[in-house]
Amino acid sequence: MTRHRRRSYAATGAALALALVLALVVGACSGGDDEPAERPQSQPAGPDTVSKVETVVTVGRITGSLPRDARHRLADQVGAVVDGWTKAAYLGGDYPRRDFSTSWPGFTTGARQEAHRDRALMSNEDIGERIDGVEARRSRVRIDVLAVRKRAVGVTARVLLGFRTTGRLERDIRVQGRLYLTRTDRGWRIFGYDMTKGAR
Amino acid sequence: MSPVKSPVMSPVMRTRFHKVVRLGTIGLVLAIAAFVVPDSAVKSTEVALVKVNRADGVDLTPDVVWILAVGSDARPGEDMTRTRGDALQLIGMNTRTGAASAIGVPRDSWVSIPGHGYEKINAALYFGGPQLLGQTVGNLVGIQPDYVFVSRFKFFQAMVKDIGGITVQNPVAFDDTYLKPQGFRKGRIHLGGYDAMAFSRIRHNLIRGDFDRSANQQRVLRGIQARVRARAHVPGFIERGVLSVMQHLYTDLSPVELFRLAQVVAHVDPRRITTCVVQGGIGSIGGASVVLPNVDLARRLGNEARNDATIGHC
């Protein structure tokens, strides 16, 4: 089952919030369905919005069993967490920008510390002072799910974010890779990542 | 055909263990299926490059996780947590650096088993299950494992088969009349599920017996890790691995914890893996051939690896 969720955000706007394993007995079912289910998401629009890009969240492989409505909810929830990060780290804020210390909402404490160490890649810290704007070009998230007893317990989110910078440094930048999430008392949280960032 | 994970509950480690218990399991079976992804040390400082930079990291507490992987010799119908461990590997993974180390312990090592006097170390599993075995190995090396995984060779076979087999670098040709009469040739060889199991178990035709066998087990671990690393990017691979392990594993860890540990295992960097086998002398006690482990060496290896899962030299 595949589900599309549309989400848009303002590239330089204000902060947007952010918003596994079953079949011990029966065994796993793994695969993807196609069930287009697009729902426009409300999004904040900053005063100097330069573009809108809708994040498309697709449910990929589900290992275990997960009801369709749960898949929809999961896509929304994980999409919101990923959006919260990409906005805080790359797309949001006022450029030129120096402070990226709040770039990782939705990360666990330890993962946030790791990301801070990798902040040149896990945010725009490396170029923030040389650009005056960011224009999102595309944002896609595909989630692979581990479900146990019809409940999602772990997610691998494959993220692709493309944006163009303006100012002294004009580049098309692509951020992509995997985020790992589990559900906590505070909702889905990113506890690990394997990301790349490149420019052209 | 079911590996078992069981926490070590020694008094000293109980508190720590309970914290860690929240964190994951799939480990060893997978860690034995240890895997990976690239290095987190490469970071971007200049975006005006066409070059793609990479960063990775996983949050797990403690930073260095220690797992005792046990290959049980249980026969069908036997409780593998109450038999004898044929393979003993104490494996550490550093979630910060991606480093990992394995300290092999000969199964015939003659050691003190708490509450049972001196015996072969693998008898600790028979006497007191995974917890006592973990404690006993921990006492020898000086590192108490956060987890103990016990697996049957049959599951191990299945797991290797599931990932498409592994490749190992075999330093010397050897065979075994019963397990592998045609033998394993020297060099880089591919092993399917059964062969990986046989490669890990054979010792009679190895020059240094139990010590060489332990080293072969570590070669198999490396091979599994390399294979898993190569497939970690495949959608659903980690999730299926977790589920597969859960289907064959007794554990009191939650699926969430298993998933997290699996991702940690997947982030071990094979270039940062170091392995050593606790050496010792051969003796005879009560008519039985035993290994008299070099306790000083075991402690030195433990001291070197304890905090960062890295061993300088064996």
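**Exercise 1. What percentage of the 200 residues of chain A count as buried?**

Before you start, keep in mind that this is a predicted model.

Step 1. Set the cut-off: a residue is buried when its relative accessible area is under 20%.
Step 2. Apply that to chain A, and 61% of its 200 residues count as buried.
Step 3. Now look at the outside. Chain A exposes about 8,000 Å², and 46% of that comes from carbon and sulfur atoms.

**Exercise 2. Work out the order of helices and strands in chain A.**

Step 1. Take stock of the pieces: chain A has seven strands and three helices.
Step 2. Walk along the sequence, and the pattern reads β-β-β-α-α-α-β-β-β-β.

**Exercise 3. Find a cis peptide bond in chain A and place it between its neighbouring elements.**

Step 1. Check omega between Tyr95(A) and Pro96(A): the angle is about -5°, and the bond joining these two residues is cis.
Step 2. Place the proline. Pro96(A) sits in the loop that runs between α1 (68–91) and α2 (109–117) of chain A.

**Exercise 4. Take Lys150(A) and Ala309(B), and for each one say where it is and whether it is buried or exposed.**

Step 1. Start with the backbone of the lysine. Lys150(A) isn't a glycine, yet its phi is positive, at about 65°.
Step 2. Locate Lys150(A): look in the loop between β4 (131–148) and β5 (151–167) of chain A.
Step 3. Judge its accessibility. Exposed means over 50%, and Lys150(A) has 57% relative accessibility, so it counts as exposed.
Step 4. Move to the alanine. Ala309(B) is another residue other than glycine with a positive phi, here near 60°.
Step 5. Locate Ala309(B): it belongs to the segment after α9 (295–305) of chain B.
Step 6. Judge this one too. The relative accessible area of Ala309(B) is 0%, so the residue is buried.
Step 7. Put the two side by side: Lys150(A) is exposed, whereas Ala309(B) is buried.

**Exercise 5. Draw up a short profile of chain B.**

Step 1. Count the elements: chain B contains 15 strands and nine helices.
Step 2. Look at burial. Of the 314 residues in chain B, 61% are buried.
Step 3. Turn to the contacts. Consider those between residues at least 6 apart in sequence; in chain B, 68% of them join residues at least 24 apart.
Step 4. Finish with the surface: chain B exposes about 11,900 Å², with carbon and sulfur atoms supplying 53% of it.

Technical notes. Residues numbered from 1 in each chain as written. Chains lettered and ligands numbered in written order. Predicted model: local features only at pLDDT ≥ 70, side-chain atom pairs only at ≥ 80, totals over all residues. Heavy atoms only, no water. Helix = DSSP H or I, 4+ residues; strand = E, 2+ residues; numbered from the N terminus. Buried < 20%, exposed > 50% of the residue type's maximum accessible area, 1.4 Å probe, protein only. Areas by Shrake-Rupley, 256 points an atom, 1.4 Å probe, with all protein chains shown as cover. Contact = heavy atoms within 4.5 Å.
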